[in-house]
Structures are given as C-alpha cells and as structure tokens.
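This report describes two places in one structure: the surroundings of a ligand and the setting of a single residue. The sequence and the structure come first.

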Amino acid sequence: MSAPADPAGAYARLRPDSARLLDRIARLAEVGAIDGGGVCRLALTDEDKAGRDLVVGWMRALGLGVSVDAIGNIVGLRPGRSAGPAVMTGSHIDTVRTGGRYDGNLGVLAGLEVVETLNEAGIETERPLAVAAFTNEEGARFAPDMMGSLVYVGGLDLDAALATEGIDGACVGAELARIGYRGTAPVGAPEVHAFVELHVEQGPVLEREGVTLGAVESVQGISWTEFALRGVSNHAGTTPMALRSDAGYVAAETAAFVRRLARELGGDQVGTVGLIELGPNLVNVIANSARFTVDLRNTDEARLQEAERRLHAFVDDLAAAERVEVTRRTLARFEPVPFDPQVIARIEATAARLGHTIRRMPSGAGHDAQMLARVCPAAMIFVPSVGGISHNVREFTAKGDIAAGAETLLHVLLELAG
Ligand code: HGY
Ligand code: MN
Ligand code: MN
C-alpha cells in the first residue's frame with residue numbers, strides 16, 4: 001500500500017478538529033447517561049437504538065451512504081475515486097451496564113471526524129472510506145462479544161446469531177426488529193481493503209509509561225463459560241454440613257479457585273467471575289441453583305487451554321463431592337489474534353512522523369478489529385486510559401491523547417486509502 005503523492009505537504013498538516021470530536025463524544029454520552037459520567041447502552045436496548053439513530057444522523061449529515069445489515073451493523077461509506085474494497089475504521093457504540101463514554105464510541109466518532117476533516121479539505125481518496133458501528137461488541141447482554149463483526153466476517157452464522165438469547169431472555173433477532181435495525185444490506189458488505197480501529201487501552205500501561213499511543217500487535221485469547229449448578233435446597237439451620245448439596249458453595253469456591261488459578265499460571269493469565277446468580281437467594285435456604293460465568297484470558301493459546309482444563313476439572317471434582325449437578329455452556333471462545341505487521345508499522349511510523357510517542361503492545365480486551373483481521377490486514381491504535389480504568393463510569397482519556405489518536409488515525413487511513 002503506497003503512500004500518496006502529497007503536493008506541498010498539504011496533507012501532512014491536516015488535523016482533525018478534536019473539539020468537534022469531543023463534542024460528539026459528549027453528545028453521544030448523553031444517550032443512556034448514568035450517574036458519574038458513564039453510559040448504559042446495552043446492545044439492542046432502547047438506549048442503543050437512540051445512540052444508533054444519533055450516529056446514523058451524523059453519518060448522513062456528512063454525506064456518507066448508510067447501510068444496515070441483517071445483524072444490525074451500521075456502515076457509512078464515503079466513495080473514492082475508484083470503486084472496490086474500502087479502507088474501514090470504526091468500533092462499537094453498545095456499552096456494558098456500567099460503561100464509560102470512550103470504550104468503542106471513540107473509534108466510531110473518530111471515524112466520523114476523519115470523514116468531516118476530509119470533507120472540509122475537499123480531499124477525495126482513491127479507495128472508498130468506510131466507518132462502521134458493529135452490533136453488540138460487548139457481549140454483556142448477548143454472548144459472544146464482537147457478535148456483529150464476527151457475523152460480518154463470516155465467523156458466526158447469521159441465523160445462529162439472530163436466535164441468540166440474552167441474559168434477560170430477549171432474542172437478538174426480535175430485539176433488532178424492535179429497534180428498527182434488522183437491516184437488509186448483505187452481511188459483509190462493503191468488502192474491506194484494510195481496517196484500523198482507534199480505542200482506549202482500558203489498562204494501565206500507556207499511562208504508567210507516559211507514552212501517548214499504543215500500536216496494538218495482537219488481542220489475547222478469550223474463553224467465556226457459563227456454569228449452571230443444580231443442588232438441593234434445604235434448611236440452613238437443620239441440615240448437617242455433610243448432608244448438603246449446596247450450589248452456592250460450589251459457585252463461591254470456584255470463584256476463589258479462578259483467582260488462585262490465575263496467580264499460579266502467572267504471566268498474562270487473567271480470570272474473572274463477574275456474574276453469579278443463586279436460587280432461591282434467601283438467607284436461610286441452602287442454594288439449590290447457581291448460574292455463574294468464568295472469563296479466562298491469556299495471550300498464549302496453550303496456556304489458555306491449560307487454564308480451561310484445570311477450571312473444568314476443579315468444578316467437576318468439587319460438584320461430584322458436593323453431589324451437585326453441573327451443566328456448562330461456552331459463551332465465547334476466541335484464540336489470540338496477531339494484527340498485520342505492515343499496518344502496525346504504518347501506525348508506528350505515522351505517529352512518530354506526527355511527533356507522538358508510541359509503543360507496541362497486546363490488547364487485553366477483545367475488539368472488532370480482531371474479527372476484521374480474518375478478512376483483511378487490520379490493527380489498532382490505543383490511547384491511554386486514566387488510572388487504567390474501563391467498564392466503569394470513571395473511564396477517562398485526556399483530550400490531548402484523543403487528539404493524538406485521531407490525528408494518527410486520520411493519516412494512517414489517508415495513506416491506506418491513497
Ligand atoms: O470483553 C471484552 O474484552 C470486550 O469489552 N468486549
Ligand atoms: Mn470496546
Ligand atoms: Mn468494552
């Protein structure tokens with residue numbers, strides 16, 4: 001992918017309007033706003049619809065051709081001099097229940113800012129430029145995460161995705177129709193020449209090292225399992241300990257085991273039990289049911305498989321000893337994904353040329369870019385998260401860092417689009 005001719009360096013001085021970008025971030029954050037400056041826009045809820053409507057309105061106002069596909073992915077397309085595969089950027093605007101205003105939103109809105117900057121400069125690119133807002137990246141309501149982009153690249157059957165039931169019993173297909181985003185555009189259109197996503201780091205590395213940008217080299221492996229336990233409810237006072245089949249005890253012991261497992265495996269291994277529901281959930285009744293999730297991640301696939309093997313062995317042994325039945329379901333399973341060396345190098349070189357410090361790093365979180373990497377060269381640009389905080393209303397990124405990230409994104413896309 002060759003760099004474009006740049007007469008008199010006109011492009012070199014091109015900068016996004018970061019105030020305008022921050023204003024869009026603030027306005028989108030008003031949709032589903034929760035106390036503390038955060039956002040709750042779980043996928044396919046009314047809040048997600050309102051956010052989608054706002055972004056589609058901005059896309060149309062920027063002259064983008066807007067398409068919505070059968071899983072609700074929104075793509076704004078800016079024609080280039082030639083037809084053919086588009087250079088794409090974007091991310092997601094759905095959030096977790098206690099979300100921050102930057103996770104995903106920054107990537108979509110920075111893409112719109114790139115378009116507006118090019119429009120104002122009257123620059124026409126050789127290749128088409130696309131900005132995507134993928135459906136249900138978080139996976140918090142409907143598993144797996146990155147659902148929309150996974151369907152987009154053919155990694156998940158559309159009908160299976162549409163049939164997915166959420167943690168609240170809702171169905172993806174019905175919810176898409178209800179909010180008016182069960183689109184008709186063919187899934188996987190437009191074809192993508194290259195994909196670059198701007199995203200907050202959601203971790204402490206860049207801030208700790210005082211580096212402005214991250215050139216993301218890979219995404220670590222993700223393993224989500226839901227366990228459902230069936231024990232025997234009984235009286236908390238009269239039932240001897242040796243006679244109990246306590247589902248709550250097995251769930252709680254497993255949560256503690258996951259922490260020990262991560263510590264014993266060390267390295268990049270992380271483990272989280274983020275959801276536990278007990279039944280009947282009463283102070284004086286031994287729980288006869290438990291539903292909980294285990295999120296295991298590692299940059300190394302073999303070690304992630306080792307972690308999974310030890311987790312399942314632990315649950316099986318403990319449940320057998322407690323005479324508790326176990327059923328389990330894989331909610332998400334993605335191997336580690338390496339990004340494209342050429343795109344990574346281009347991100348690094350562009351940041352350096354623009355005078356921003358940058359370092360290579362893996363991503364601890366999953367992202368839509370890891371799915372686009374299945375069909376085209378892809379990589380990501382990180383900006384620092386203050387305190388390494390994310391999936392928390394206190395998520396924050398300084399405006400200077402947002403400006404640096406958006407400027408780097410602009411020039412990388414401009415180079416890729418020719
Ligand atoms: O879970 C993740 O890594 C992402 O936030 N969906
Ligand atoms: Mn995200
Ligand atoms: Mn997230």
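In this predicted model, the shell around ligand 1 is made up, by class, of four charged, two polar and two nonpolar residues. The residues in question are Glu 137, Glu 138, Asp 145, Trp 224, Arg 297, Ala 365, Gly 366 and His 391.

Three of these residues have an atom paired with a nitrogen or oxygen atom of ligand 1, as the table sets out.

| Residue | Atom in the residue | Atom in ligand 1 | Distance |
|---|---|---|---|
| Asp 145 | N or O atom of the side chain | nitrogen | 3.4 Å |
| Gly 366 | polar backbone atom | oxygen | 2.7 Å |
| His 391 | N or O atom of the side chain | oxygen | 3.3 Å |

Ligand 1 would expose 210 Å² if taken alone, and the protein buries 95% of that area.

The second place is a loop. Thr 239 is found in the loop that runs between strand β9 (221–230) and helix α8 (247–265). Is Thr 239 buried or exposed? Its relative accessible area is 7%, and because buried means under 20%, Thr 239 counts as buried.

The side chain of Thr 239 has a polar atom 2.7 Å from the backbone oxygen of His 235. Leaving aside residues up to four places away in sequence, Thr 239 touches Asn 234, Arg 244 and Ile 286.

Terms used
Residues numbered from 1 in each chain as written. Chains lettered and ligands numbered in written order. Predicted model: local features only at pLDDT ≥ 70, side-chain atom pairs only at ≥ 80, totals over all residues. Heavy atoms only, no water. Near = heavy atom within 4 Å. Polar contact = N/O pair within 3.5 Å; in protein donor to acceptor, adjacent residues only side chain to side chain. Areas by Shrake-Rupley, 256 points an atom, 1.4 Å probe, with all protein chains shown as cover. Nonpolar A, V, L, I, M, F, W, Y, C, P; charged D, E, K, R; others polar. Helix = DSSP H or I, 4+ residues; strand = E, 2+ residues; numbered from the N terminus. Buried < 20%, exposed > 50% of the residue type's maximum accessible area, 1.4 Å probe, protein only. Contact = heavy atoms within 4.5 Å.
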